Amino acid sequence: MKKSIAICPGSFDPPTHGHINIIERSLRLFEKVIVAVAFNTSKSGLFSPDERVEMLKALFKNQKNVVIDSFEGLLVDYARKNNAGAILRGLRTVPDYEYELQMSLANKMMAPDIETVFMMTESAYSHISSSLIKEIVRFGGSVKGMIHPLVEKRLKEKMKKV
Ligand code: PNS
């Protein structure tokens with residue numbers, strides 16, 4: 001691979017075990033992975049971008065090849081600015097594929113020099129999404145095995161469930 005820097009962009013509201021798994025496995029392919037929290041998506045978030053960055057920094061504090069950052073504006077501009085040759089995204093389901101295909105083709109038209117690389121989720125995490133987790137916690141269910149205990153604590157505090 002020519003440029004061994006990948007950007008792993010997302011909302012991360014909040015980060016899940018699925019995200020962590022994809023990022024950790026991607027380090028077999030890339031020398032450096034920049035996990036980038038997007039500021040201006042159409043989704044309204046529970047956590048502020050700064051809170052998400054802070055959680056991700058805590059989750060990857062022992063991983064020197066993972067850099068946590070946030071960005072505003074177009075992903076391809078951010079990727080170019082950081083000299084990244086790849087955009088890394090995890091895939092779980094068929095609806096994911098449709099959404100991801102559209103985004104990757106649009107990004108490819110804007111930036112033909114940047115490749116989108118998809119990694120299939122591990123089966124243990126294929127049903128996990130940030131939205132599902134927020135709903136489970138909101139109604140008092142268990143999210144054991146879905147998110148890191150630190151994220152669970154922050155989520156419960158945020159939803160006043162502690
Ligand atoms: O975790 P998400 O919400 O699925 O991540 C979506 C994200 C942040 C990757 C996407 O919305 C994005 O790239 N936003 C930045 C703005 C941009 O470049 N939009 C055009 C994408 S084709």
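Q: Why does Tyr-99 count as making a polar contact with the ligand?
A: A polar side-chain atom of Tyr-99 lies 3.1 Å from an oxygen atom of the ligand, and a polar contact is a pair of N or O atoms within 3.5 Å, so this pair qualifies. The model is predicted, with local features needing pLDDT of at least 70 and side-chain atom pairs pLDDT 80 or more, while totals for chains, interfaces and linings use all residues. Residues are numbered from 1 along each chain as its sequence is written, and side-chain values use heavy atoms, without hydrogens and water.

Q: What makes Arg-89 and Leu-75 contacts of this kind?
A: Arg-89 has a polar side-chain atom 2.9 Å from an oxygen atom of the ligand. For Leu-75 a polar backbone atom is 2.8 Å from an oxygen atom of the ligand. The protein buries 81% of the 540 Å² that the ligand exposes when taken alone (Shrake-Rupley method, 1.4 Å probe).

Q: Which residues around the ligand come nearest?
A: Among the 15 residues around the ligand, Ser-11, Lys-43, Leu-75, Arg-89 and Tyr-99 come nearest; a residue is near if one of its heavy atoms lies within 4 Å.

Q: Which element supplies the largest share of the shell around the ligand?
A: H4 does, with four residues. Helix H4 spans 94-110, and strand E1 (5-10) also supplies at least two shell residues.

Q: What kinds of residue make up the shell around the ligand?
A: Eight are nonpolar, five polar and two charged. Tyr counts as nonpolar and Arg as charged.

How values were computed:
Polar contact = N/O pair within 3.5 Å; in protein donor to acceptor, adjacent residues only side chain to side chain.
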